[in-house]
Amino acid sequence: MKTVLVEPLTISQEKLQGLAKELNENGHVFVAYDSKPENTDQWLERTKDADQIILANTKMPAEVIKENPKLKYINIAFTGTDHVPVDLALERDIIVSNAAGYSDQGVAELVIGMTINILRDIKKADWGTRNGMKTSDFLGQEIYGKKVGIIGTGNIGLRTAELFKAFGADLYGYNRSQSQKAKDLGIEFVSLDELLEKSDIITVHLPLNDSTRNTIGQAEFAKMKETAIFVNCARGPIVNTEALVDALKNKKIAGAAIDVYDTEPPFTNGEEILDQDLALLTPHIAYFTKESMEKRAAIVFENALDFLNGREIKTRVDK
């Protein structure tokens, strides 16, 4: 069978060769590209005759599925799957999997880091230290004793909750289901409205799909405290951007930490979020740590071998 890695996985060539060793044995073929495909034609050229495709977060055109009759498996080296036409793949009995779990720690740590940055105004304090500002200009706040609302209590949401708990925060959760693990952690499940009204810090950890798009909009920001901090390290379209900008511009909330957007940075237009002083912005890096990259590579190559050997794929996606 032929396996094609259509884009780099941000690991060393030595590590890639080690992971791919078994894919080149027993008559199998492994082909890897060191750049992202730039258009549909490149996608089609690279994936021609592939039985298995491995990709990270580059958007896959539907033509890749439609024009590859041999394709049996799409192996996604990412937690989210909204950049892949999963429904179309499943309709054609193509297996789809993700790399769930690889970035739980990285995302959770960035949420904590961005929260502390806002509470202690670290970005401005660095500038102020270099430009003559005084200690009295930077009265901060602590996480301890704050009420933290976790919207989405899957694996990443729970890891984030664990870290906030270690700082002494009280935890509220909103999710379709209420796991025992979340309850054991001390999360009190409430309605979304109650979570928004009570929380001092609100962090989003939902997947992006039709039911979660625009979960947070103007009505939801209106329910938040004026002192609340809002964090989104999940997916951009879960939050209505215009409503977020309005909330920051009119100081309906105290600040926002944003790592994800409707379109990925670098931006091509003058997005209004860039002009908001109350926003702390990063270019979709929550998942992007050395440890996470190595962990996701291990997951996808284990999945690749399981597929080739007819074993169950542990992170299979079924909609």
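Begin by selecting R235, which is buried, with a relative accessible area of 15%, where buried means under 20% relative accessible area, exposed over 50% and partly exposed in between, for a 1.4 Å probe and protein chains only. This is a predicted model, in which local features need pLDDT of at least 70 and side-chain atom pairs count only at pLDDT 80 or more, while totals for chains, interfaces and linings use all residues. Residues are numbered from 1 along each chain as its sequence is written, and side-chain values use heavy atoms, with hydrogens and water left out.

R235 sits in the loop between β10 (229-232) and α11 (241-249); helices (H or I, at least four residues) and strands (E, at least two) are DSSP runs numbered from the N terminus. Now add D82, whose side chain is joined to that of R235 by a polar contact of 3.2 Å, meaning a pair of N or O atoms within 3.5 Å, where within protein one must be able to donate a hydrogen and the other to accept it, and residues adjacent in sequence count only if both atoms are side-chain atoms. Leaving aside neighbours within four places in sequence, R235 is in contact (heavy atoms within 4.5 Å) with F78, G80, D82, L208, V260 and H284.

Next, select the open sheet of five strands, ordered β2-β1-β3-β4-β5 with parallel pairing, where two strands pair if DSSP finds at least two bridges between them. Its edge strands are β2 (29-32) and β5 (95-97), each pairing on one side only. Strand β1 (residues 2-5) pairs with β2 in the parallel sense over four bridges, and the bridge partner of L5 in β2 is A32.
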